[in-house]
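This report looks at how charged side chains pair up and how nonpolar side chains gather in the structure shown below.

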Amino acid sequence: MSDSLASRTGRGAAATRRSFLKRSSLAAASVMVVSPHVLGGPGKTPPSDQFRFAQIGVGGQGARDVRRMIHAGGTPVALCDVDVQRAGKTFCQHPDVERFTDYRVMLDEFDKEFDAVVISTPDHTHATIGLAAIHHGKHVYMQCPMARTFDEVKRLKAAAEQSGLAIQMGNQGHSSLHMRAFRDFIERGEIGEIESVHCWTDRPEWPQGMTSVPTSTTAPISLDWDLWLGPVADRPFCKGYLPVTWRGWWDFGTGALGDMGCHLLDPAFTSMGLQLPRRITADCETATSIAYPVWSQIEMEFDGTDACPDGLKLTWYDGGKQPETPTIIADESVGEPGYSAGGSGCMIVGKKMTLVGSTLSGEPDQMPQIVAVASEDDNELAEARQAGRKRVEQLSAENKETSKSHYEGWIQAAREGKSDSLTSDLQIAGTMTQSALLGCIATRYPGQTLTWDNEKHQFAGSNEANSFLSFEPREGYLYEA
């Protein structure tokens, strides 16, 4: 095998090439011929007419993203994953698509072959990969949260604004009827001045509250552990870190709030124009220096907006905590379905009406499980529910021809070079992500109120809390944009 081919599938530098070649069986398995659909040809769409994307992270959520991007009109031309076994199913489904283990090599040596990058990797790698892709002039779709730290999101927001590229976070429910229904009720003023917001999830589904690192062992032959670590400090491989369980560790994930907050906080941030919270207070169990708490309940106080002139208190719940929400029995006599809030949701309490629902669906035309509750009075409740259902049906009819999935909206914006037409505005999505990450930091100080200075972008009077706002990647993983 030539050095060129080895670097294409490995890490690129001479020293790492040598270590990569020691894993010759994996290297051989990773080299594929370029698919005919990349080159064009009889019966094939020429490259100039394709939306060609490279997928980084192709197991788990990445596998779903590949399928959905293809369904939305994208053409995969490169697949990159540090674990060939976990990525194996997707690799087999696309046998002629070029494969890589190191995204840096892919960007350096193959970037002329694709227009955009889809990032479906663990949280701790989002920023370095996203910024590198922007540096190479690629449109970017990155799974949420945008990054693991406040400063990394700040860098991504700035790079997106300066580049003019289509950079979108993967909070798929933002493009659903669920989201449009929330926005419609709020923007039309039907629920009145907003008094409070409550968002909750039944996650974590993975361990949290750990007090010691798991026992180290030998990494499986299919996994390049050094590449998986990416920008974080080197350490021994431990089975307790992956797959999925990385979400519970400070160094790799963002806990339940980071995982789900970018979906469930969306109605409040998008519809109400919220900025960063001015005060944050967390109550939680088993907050440790290495892992997120078993459960948390976090209160964030925001400055006023047009929707909430006197300010707003938003409360987040996870790990089994949940606010009191309405449960409504179906009334078949008038055709009204029942309602139960379920394990995840958002409740916006207004002076006239309360909205309860969820923005987790990624399907733009799926009818939302959303209910408008006017009062406990049976007649008023029935009228409010009926009006709410009819409005949602009207929204569905109005958007039937124009509705696009989150993936379709991103591809269209990228094709047209119109970053301002993105479904999920990165500045709003970034502020929402940063607010969630500030909430994560607050769980390190349960019972204390952290005050945020938005001009200085730091916590007032807490150097220790400020130390968690940023992160310096290790050598070889610089911030590029």
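In this predicted model, a network of salt bridges links Arg203, Glu205, Arg247 and Asp259. Within it, the side chains of Asp259 and Arg203 meet at 2.6 Å, N to O, and this pair connects distant parts of the chain, since Asp259 belongs to helix α12 (residues 255-264) while Arg203 sits in the loop between β7 (194-200) and α11 (225-229), 56 residues apart. Asp259 counts as buried because its relative accessible area is 5%, whereas Arg203, with 24%, is partly exposed.

The count of salt bridges comes to 16, and three of them are set out here.

| Pair | N to O distance | Separation in sequence |
|---|---|---|
| Asp259 and Arg203 | 2.6 Å | 56 residues |
| Arg279 and Glu301 | 2.9 Å | 22 residues |
| Glu299 and Lys313 | 3.8 Å | 14 residues |

Arg279 lies in strand β8 (residues 279-285) and Glu301 in strand β9 (residues 295-302); Glu299 is also in strand β9, and its partner Lys313 is in strand β10 (residues 312-318), so that this pair ties those parts together. Arg279 is partly exposed at 31% relative accessibility, as is Glu301 at 23%, and the same class holds for Glu299 at 30% and for Lys313 at 39%.

Turning to the nonpolar side chains, the largest core has 99 residues, and those with the most contacts inside it include Ile194, Trp228, Met272 and Phe459. Helix α16 (residues 426-442) gives the most to this core, with 9 residues. Trp228 touches, among others, Val82, Pro122, Tyr241, Trp246 and Phe252. A second, separate core of 14 residues includes Phe53, Tyr407, Ala413 and Leu422.

Note on methods:
Residues numbered from 1 in each chain as written. Predicted model: local features only at pLDDT ≥ 70, side-chain atom pairs only at ≥ 80, totals over all residues. Heavy atoms only, no water. Core = buried A, V, L, I, M, F, W, Y, C linked by side-chain atoms within 4.5 Å. Buried < 20%, exposed > 50% of the residue type's maximum accessible area, 1.4 Å probe, protein only. Helix = DSSP H or I, 4+ residues; strand = E, 2+ residues; numbered from the N terminus. Contact = heavy atoms within 4.5 Å. Salt bridge = Lys/Arg side-chain N within 4 Å of Asp/Glu carboxyl O. Lists of a residue's contacts leave out its neighbours within four places in sequence.
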